[in-house]
Amino acid sequence: MSTVKLSLSDAYDLALECLLHNGCNRENAEAVAGRMIQAEADRCYSHGLFRMPWYVSGVKSGRVNGHASPTVERLAPGVLRMDGDGGYAPLGHRVGQAPLMACAREQGIAALAYVNMFHIAALWPETEALAEEGFCAFAFTGSYPYVAPAGGKSPLFGTNPMGFAWPRKDRPPLVFDQASAAMARGEIQIAARDGHSVPETAGIGPDGETTTDPNVVLKGAQLGFGGYKGASLAMMIELLAGPLIGEFLSIESQQDDGGLKGPPKGGELILALDPARFGAPDEYLERGERLFHAVLDQEGTRLPGDRRHASRAETRHSGIELPARLHREIQDLMA
Ligand code: NDP
């Protein structure tokens, strides 16, 4: 595959220019471009520049507000709600972070319900940012119906990811962020684009049979990880990021899209816990480290997030390699 080498700052400028050219104001464009390049830097390609044509189509269709101005209100002592004003999620995250942290410091625990936003992408950026400030954090979001319920054949749940972050002393936080599907949708789309196969566990065709062809999975249904256990987590996340906060289920989000196949509109629930307020303020960091050391003492292990941090350290100097086809596509969006 032919590629184009870009420094992180050139990649950011490319993303920013493309978004500004296609209907986003500076505040929204900076937030989205920043988040895309964060994903590229950590080599989380399914949430990087790969998404640009889709993001542009969302704004051009008039569904996504490129001039969104998110607002936060406090519904209860520990409950905040942010209205994303119909824009992409990254600006909402920027605006919501400080009130969430202030509320969690005050209460010991706080929840932030994000509503009326489009495409809540990867969850590690917002959970990691909270843990960098000392919080333990959880995040949940839905998407479009891609995953069949256990035993079923038709898509019903989103690939519904969940993120978790734990603060560490003098080190980046421990973060895991994973789909409840066996494979993220974006990874299957990238496999289809690049002509690669996917594991048999990834999904089924429209006939309900397992397949390694990503194009057949995209026409059929994805599967939860670990069979019914992943499907139950997907259902829990549907409830937390949907009915609990007055937002769409994945099936409702797809109906709302009306067949445009644009970015999904929906919500996200974030929980922030201040570990200093849970009865062991002098111990939790050391005891967390004890667990991580015990994990790493076993041969063959690593901690979640280690791959991302190693990628981040490399791309800071090396920059990124963008598929030439995608680079051209992004440039064409500015023609
Ligand atoms: P992966 O399966 O690639 O990774 C899931 C987590 O497991 C990561 O934190 C990863 O860390 C960690 N991990 C992987 N291998 C190991 C290992 N051997 N030992 C310990 N930890 C490990 O992620 P997914 O494919 O499930 O999801 C990819 C992204 O897509 C996520 O950011 C997710 O939020 C996002 N997504 C978004 C959706 C949406 O609708 N908004 C839907 C579905 C997914 P590391 O990163 O360091 O490899």
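**Close-ups of a predicted model**

G195 sits in the loop that links α6 (185–194) to β8 (203–204). The model is a prediction, so to speak: local features need pLDDT of at least 70, side-chain atom pairs count only at pLDDT 80 or more, and totals for chains, interfaces and linings use all residues. Numbering starts from 1 along each chain as its sequence is written, and side-chain values use heavy atoms, with hydrogens and water left out.

**View 1. G195 is out in the open.** G195 has a relative accessible area of 64%, so it counts as exposed (over 50%; buried is under 20%, and partly exposed lies in between, with a 1.4 Å probe and protein chains only). From the C-alpha of G195 to that of R74 it is 48 Å, with the two positions 121 residues apart along the chain. The element names here, such as α6 and β8, follow DSSP runs numbered from the N terminus: helices are H or I runs of at least four residues, and strands are E runs of at least two.

**View 2. The ligand and its shell of 23 residues.** The closest of these residues are I120, A121, D177, A179 and G305 (a residue is in the shell if one of its heavy atoms lies within 4 Å of the ligand). A polar side-chain atom of D177 comes to 2.5 Å from a ligand oxygen. A backbone N or O atom of A121 is 2.8 Å from a ligand nitrogen, and a polar backbone atom of L123 is 3.5 Å from a ligand oxygen. These are N or O pairs within 3.5 Å. On its own the ligand has 920 Å² of accessible area, and the protein covers 74% of that (Shrake-Rupley, 1.4 Å probe). β7 (174–179) and α11 (306–318) are the elements giving two or more residues to the shell, and β7 gives the most, with 5. Sorted by class, the shell holds 11 nonpolar, 7 polar and 5 charged residues. Asp, Glu, Lys and Arg count as charged, while Ala, Val, Leu, Ile, Met, Phe, Trp, Tyr, Cys and Pro count as nonpolar and the others, Gly among them, as polar.

**View 3. Helix α4 has a kink at G96.** α4 covers residues 89–107, 19 in total, and runs 25 Å from first C-alpha to last, close to the 27 Å expected (1.5 Å times one less than the number of residues). The bend at G96 is about 35 degrees, with a proline, P99, following within four residues; the angle is taken between axes fitted to the seven residues ending there and the seven starting there. Buried residues of α4 include G92, H93, G96, Q97, L100 and A104.

**View 4. Two positive phi angles, at N116 and H119.** N116 belongs to strand β4 (residues 109–118) and has phi of about 60 degrees, although it is not a glycine. H119, also not a glycine, has phi of about 45 degrees. H119 falls in the loop between β4 and α5 (124–132), and its relative accessible area of 8% makes it buried.

**View 5. E238 is tucked into helix α8.** α8 spans residues 228–241. At 6% relative accessibility, E238 is buried. Its C-alpha is 20 Å from that of G92, 146 residues away along the chain.

**View 6. T210 is in the loop from β8 to α7 (214–219).** T210 is partly exposed, at 44% relative accessible area. T210 and P199 are 11 residues apart in sequence, and their C-alpha atoms are 9.4 Å apart in space.

Notes:
Polar contact = N/O pair within 3.5 Å; in protein donor to acceptor, adjacent residues only side chain to side chain.
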